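Hi everyone, thanks for coming. Let me put the structure up on the screen, and then I'll walk you through a few parts of it.

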Amino acid sequence: MSSNSLSFWEDSGNGRTGIMAWLTTTDHKRIGLMYMYVILAMFIAGLCLGLAIRLELIAPGRTIMDAQTYNTVFTLHGVIMIFIVVIPSIPAAIGNLVLPIQLGAEDVAFPRLNLFSWYLYIGGTILALVSLFTGGGAPDTGWTFYVPFSEFTTTNVSVAVIAVFILGFSSILTGLNFITTIHRLRAPGMTWTKIPLFTWSLYATGWIQVLATPVLGITVLLIFAERVLGVGLFDPNKGGDPILYQHLFWIYSHPAVYIMILPAMGVVSDIIPVFARKPIFGYKTIAFSSLMIAFAGSLVWAHHMFTSGMSDTAVLIFSLLTFVVAIPSAIKVFNWTATLYKGSITVDPPLLYALGFIFLFSVGGLTGLILGSAGTDIHVHDTYFVVSHFHYVIFGGTGFGMFAAAHYWLPKYYGRMYNKTVAKVAFYILFIGFNLLYFPLFIIGLEGMPRRYYDYLPQYQEGHVISTVGSWILAVGVIIMLVNLIRGFTKGEKLKGRNPWGAATLEWTIPTPPPLLNFDKEPDTSRKPYDFQGVTPDE
Amino acid sequence: MSNTHKDYAGAKLGMWLFLFTEVLLFGGMFVLYAAYLHEYRADFHVGGKQLDVVIGTLNTVVLLFSSFAIAAAITFIQQGKKKLAVNFTYLTIACAGIFVINKTIEWRAKFHHGIWPDSPHLREMSHGENIFFGLYFLMTGLHAVHVIIGAILLSVMVWFMKKDVINQQDFVKLENAGLYWHIVDLIWIFLFPLFYLVL
């Protein structure tokens, strides 16, 4: 351990300065921040596309764009948000920043591979952007690339699927790196039951990334092969079966939603006890439920296909397995609320966003059960009910989890604090906007409004208008929150102490901002991660 | 940099995780094979009879021998016999070359008979045969790509051995490259009976 007093901002560790020091860095903290900046830029792009979709739908018929443009806009919104923003958001950005320090390590197991993952991510992102402006125009298939349409559309699907392949490879290597790090680089004394729950959730996530993503890889490669060679594996005219494509696609893409949500659950598990000043309720159950979700979540993919043509037996089994996943998810929610019970609660911004997560995720999770039971699914399949459920889970869940993580951890890395009052105001605006945006969609979905349609009957307009107004309020909330964070981290009050929130995990025992090799003295692993006895906030 | 460390077990663990991803990548194709075999059993039989069992068997022998060669190379580097290790790695790369040449001969014969993806002749054949040959080209093609990647990887290992990056004390890179080569071999061990023997 070096007794270096320079922070990782000043000490690049590779002898270079300026932008090159960042582009060739193998420091997990710098790589995490580089992920975050790209994710932020792409999040804003995806948000603008989402706002454009909502604006188009404020009235029936053409409002601001034609039908083909609308198809490409919702495809882009999906591809950017899923593959470029949400999947890497918490694991690659926050995970890189936090995971090695929580374990008491100086870096991840394969630092150079970590940088390589980032370059793959950038390469995939650039290629995805290239696919918009070249060839026959931006893809118009939806983010699922369903065959046979994706094989025959003249838009630039070939380049887009290769971009997805590369992004998947990046995700695999990050997962592989984290699993190895957790197995090999724990500080002496950091036993498995002392690992903070955020890192535990990344461990479960890592396994899904490693085991599920290759299936997406082969699936998108097959679309590419179909488009270039015309083999006909999914083309009924040549003997192929389009349903098989859907199976392969969802074998990855359903576990992928757990890649998105598990890390956010980890964030909440780390934040709640700190602001309740109480050890987390049921540490081992939460850690184990992450693994349970990862395992059971890999066996439920066909619940996306209840109306696609499957035997009743298969429908029954997949429906049952879907209900099984609800159990470990509910265990977590009950454990969080039990942690808050009789706690000494301080409502700081990270806790607010975490509570927002619990509420929105619960709504998303419970409506997921309506979709998971085969009978009701037939009624709401491919309606706005699905859209709303999905956004409650992924935006309300992962999105708010990411916001919570940013408010919780980033002050440590920038060494400055944002304005807490503004952060709280932003949260309430976001929360109101969010529910205005997505809740009406449940109702018009139940009434039969199909998803992805460009036009609709006048009876659905009321819901669409409320939703679009909600999207504006949400956008205002996001802008206030981001501006407050960015102002805080560039001009905000400097943190003098190591532990602004009074947390007990290792990342709060090191200098602010952290030095290049993280620890200025041997990490003290004697304390349990949620044992707050004698720990006081030190701003 | 002061923070470089060597972790033998960590490097092996990372490689094994990567091999899982390779298995699952091919796993997607094996699932397709299983589903279509179930649907077009008779057509798969007709298609399978048209493949060249002699070349297939030859390639199996070549790959099995190459797996022995790379395993021997790893043993030699552990014993400090670098020259032998380099030579046996060369031998493995040569096997990869023979495999790819055989594959090319086999594919060219198929092209000669008018069989390539989406060829006019194939479109006239039954749906099942089209799917069979489609899978044949995609699966053996993807495998051949892995053979080529493996050969490139092993060439880099030869260069590392000559630069003394890999030596008796630090040979985990060669060991991991060997593991990769074994998975390439192993996938063929499944492809060979599925296409050439059981139909």
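**Two helices in chain A**

Let's begin with α8(A) and α13(A), which are oblique to each other, a word used here for angles outside the roughly parallel (under 35 degrees), roughly antiparallel (over 145) and roughly perpendicular (65 to 115) ranges. Before I go on, please keep in mind that this is a predicted model, where local features need pLDDT of at least 70, side-chain atom pairs count only at pLDDT 80 or more, and totals for chains, interfaces and linings use all residues. Residues are numbered from 1 along each chain as its sequence is written, while chains are lettered from A and ligands numbered from 1 in the order in which they are written.

A word on the labels: helices (H or I, at least four residues) and strands (E, at least two) are DSSP runs, numbered from the N terminus.

Back to our pair. The axes of α8(A) and α13(A), the latter being residues 384-414, cross at roughly 45° and come within 9 Å; these axes are lines fitted to C-alpha atoms, for helices over the stretch in contact, with angles from 0 to 180 degrees between N-to-C directions. The crossing is left-handed, meaning that the near helix is turned anticlockwise from the far one by less than a right angle.

Which residues meet there? On the α8(A) side they include A:Ala264, A:Val268 and A:Ile271, and on the α13(A) side A:Gly397, A:Gly401 and A:Ala404 are among them. Contact here means C-beta atoms, placed from the backbone, within 7 Å. By class, this contact has 13 nonpolar, three polar and no charged residues. For the classes, Ala, Val, Leu, Ile, Met, Phe, Trp, Tyr, Cys and Pro are nonpolar, Asp, Glu, Lys and Arg charged, and the others, Gly among them, polar.

Some of those names come back in the largest nonpolar core. Of its 229 residues, A:Val268, A:Ile271 and A:Ala404 touch the most other members, and α8(A) gives the most to this core, with 23 residues. Such a core is a set of buried Ala, Val, Leu, Ile, Met, Phe, Trp, Tyr and Cys residues joined through C-beta atoms within 7 Å. Leaving out residues up to four places away in sequence, A:Ile271 touches A:Pro350, A:Leu351, A:Ala354, A:Ala404 and A:Tyr408.

**Chain B and the interface**

Now to the partner. Chain B has seven helices and zero strands, and its C-alpha atoms fill a box of roughly 65 × 30 × 25 Å along the principal axes. Of its 199 residues, 38% are buried, that is, with 20 or more other C-beta atoms within 10 Å (exposed is 12 or fewer, partly exposed in between, with C-beta atoms placed from the backbone).

How many residues does each chain bring to the contact? Chain A brings 31 and chain B 27. On the chain A side, α6 (157-184), α7 (197-229) and α8 (242-276) each give two or more residues, with the largest share, nine, from α7(A). That side has 17 nonpolar, 10 polar and four charged residues.

**Some backbone details**

Two cis peptide bonds to look at: A:Val147 to A:Pro148, with omega near -5°, and A:Thr512 to A:Pro513, with omega near -15°. A:Pro148 is in the loop between α4 and α5 of chain A.

Finally, positive phi outside glycine: A:Asp382 is near 60° and partly exposed, with 14 other C-beta atoms within 10 Å. B:Asp164 is near 65°, sits in the loop between α6 and α7 of chain B, and is exposed, with 9 such neighbours within 10 Å.

Methods: Contact = placed C-beta atoms within 7 Å.
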